[in-house]
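Visitor: I'd like to learn how to read helix packing in a model like this one. Could you walk me through it?

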Amino acid sequence: MKDQIKLFVLLFVLINGVVSLTSCEKEFDNQDENRVELNNSLKSSQVLSLNDSTIKMLANKHNEYLAEIIENYRYSQDEDKAINCTNNFLNTELPNLTREDKLSIVEGFKNENGEIVPTTSEQFYNALRSTDLPNKEEMIEFVKQSNQKIVNSDFSYSELEFFVDGKLDDIIGQFTKTETNILKMYFETFKASAYFWFPQEYGGSGIGYRHLTKIHGKEEHSAGQIAALCCASDCFDLGLGFVGIAISTGPVGWTALGILVGSAALSSAFGGATASL
């Protein structure tokens, strides 16, 4: 793939130790095209530290973006669902994201055939494998087992929240701080996304589920099915981006994190629009 937004954060890996963000006025060496693109993506007057409060803020911000996308969604029976979803995304005003930012996000979801597809688990796992994190295979197995348990269980939202919180507790002491932050980002996003997509009778917001019924009709689905179809893609997308963020050096501007959140929200919207429930 080109240097598209879904994988742009992996540039952090490639130039790790070279990039240092100290303020919005700080500029990079312009000799490398990728470095210039990264510089433009990360310019921001606000720099955030990657602590627990930032991770939870990003997970919640994901829901805010997703709600905006869904609220402004225009349904069309005559248009490909992925294209329809993309057009709605581009026409939605999202904080901290310019139209150019949103266009770059959309480009990141195109496969080699130019088709728009949500982020897959393998992309997330491959991003982990591309790092030198000492416990990357253990991280992958940890996520896989957790996902399998969720999908195979008819959890209410409170039960899922309890399960995920237990997994967050299990992380402590098993992984390095960087690895822990990546897994926290994944699971905090899962909780936030699940609340958005779960129907009210399962303890969720009902917003996402109402959106699904408009697209796919009113059918009965277990909470596990809903979680698998709608939560997974955005968790993998935001988790993939956070891999690069977490192992990079220097503080990170809001613009970069905002792009990651927007990318995850669009991936989640793709999952809801295009999946076969």
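Guide: Happy to, starting with helix 5 and helix 6, which are roughly antiparallel to each other. Keep in mind that this is a predicted model.

Visitor: How do people describe a pair of packed helices in general?

Guide: Two numbers do the job: the angle between the axes and the distance between them. For helix 5 (residues 81-90) and helix 6 (residues 99-108), the axes come within 10 Å and cross at roughly 160°. An angle over 145 degrees counts as roughly antiparallel, which is why this pair gets that label. The crossing of these two helices is right-handed.

Visitor: Which residues of helix 5 and helix 6 meet?

Guide: From helix 5 you have Thr86, Phe89 and Leu90, and they meet Arg99, Lys102, Leu103, Ile105 and Val106 of helix 6. Sorted by class, the residues of that contact come out as five nonpolar, one polar and two charged.

Visitor: And which residues of helix 6 are buried?

Guide: Here's the general idea: an α-helix has 3.6 residues a turn, so residues three or four places apart point the same way. In helix 6 the buried residues are Asp101, Lys102, Ile105, Val106 and Gly108. Look down the axis of helix 6 and these buried residues fall within an arc of 155°, so they line one face of the helix. Lys102, Ile105 and Val106 are among the buried ones, and they also turn up in the contact with helix 5.

Visitor: Let's try another pair. At what angle do helix 4 and helix 10 cross?

Guide: Helix 4 (residues 52-71) and helix 10 (residues 177-197) cross at roughly 35°, with axes that come within 9 Å. That crossing is right-handed. The helix 4 side of the contact includes Ile55, Leu58, His62 and Leu66, while the helix 10 side includes Met185, Ala192, Phe196 and Trp197. By class, the contact has 10 nonpolar, six polar and four charged residues.

Visitor: How is helix 8 oriented relative to helix 10, parallel or antiparallel?

Guide: Roughly parallel. The axes of helix 8 (residues 136-151) and helix 10 cross at roughly 15° and come within 11 Å. Angles under 35 degrees count as roughly parallel, so helix 8 and helix 10 earn that description. This crossing is right-handed. On the helix 8 side, the contact includes Met139, Phe142, Val143 and Ile150; helix 10 supplies residues including Ile182, Leu183, Tyr186 and Phe190. The class split is nine nonpolar, two polar and two charged residues.

Visitor: Can we zoom in on single residues? Which residues does Val243 touch?

Guide: Leaving out residues up to four places away in sequence, Val243 touches Phe124, Ala127, Leu128, Thr131 and Ile182. Val243 lies in helix 12 (residues 223-247) and is buried, at 0% relative accessibility. Under 20% is the cut-off for that label. Val243 and Glu179 are 64 residues apart in sequence but 8.5 Å apart in space, C-alpha to C-alpha. Ile182, one of the residues Val243 touches, is also in the contact of helix 10 with helix 8.

Visitor: How far apart are Leu260 and His62?

Guide: In sequence, 198 residues; in space, 9.0 Å from C-alpha to C-alpha. Leu260 is in helix 13 (residues 254-274) and is buried, with a relative accessible area of 4%.

Visitor: What about the whole protein: how many helices and strands are there?

Guide: The secondary structure comes to 13 helices and two strands. Buried residues make up 55% of the 277 residues. Of the contacts with a separation of 6 or more, 70% involve residues 24 or more positions apart.

Note on methods: Residues are numbered from 1 along each chain as its sequence is written. This is a predicted model: local features need pLDDT of at least 70, side-chain atom pairs count only at pLDDT 80 or more; totals for chains, interfaces and linings use all residues. Side-chain values use heavy atoms; hydrogens and water are left out. Axes are lines fitted to C-alpha atoms, for helices over the stretch in contact, and angles run from 0 to 180 degrees between N-to-C directions. Helices (H or I, at least four residues) and strands (E, at least two) are DSSP runs, numbered from the N terminus. Angles under 35 degrees count as roughly parallel, over 145 as roughly antiparallel, 65 to 115 as roughly perpendicular and the rest as oblique. A crossing is left-handed if the near helix is turned anticlockwise from the far one by less than a right angle, and right-handed if clockwise. Contact means heavy atoms within 4.5 Å. Ala, Val, Leu, Ile, Met, Phe, Trp, Tyr, Cys and Pro count as nonpolar, Asp, Glu, Lys and Arg as charged, and the others, Gly among them, as polar. Buried means under 20% relative accessible area, exposed over 50%, partly exposed in between (1.4 Å probe, protein chains only). The arc is that of the directions from the helix axis to the C-beta atoms.
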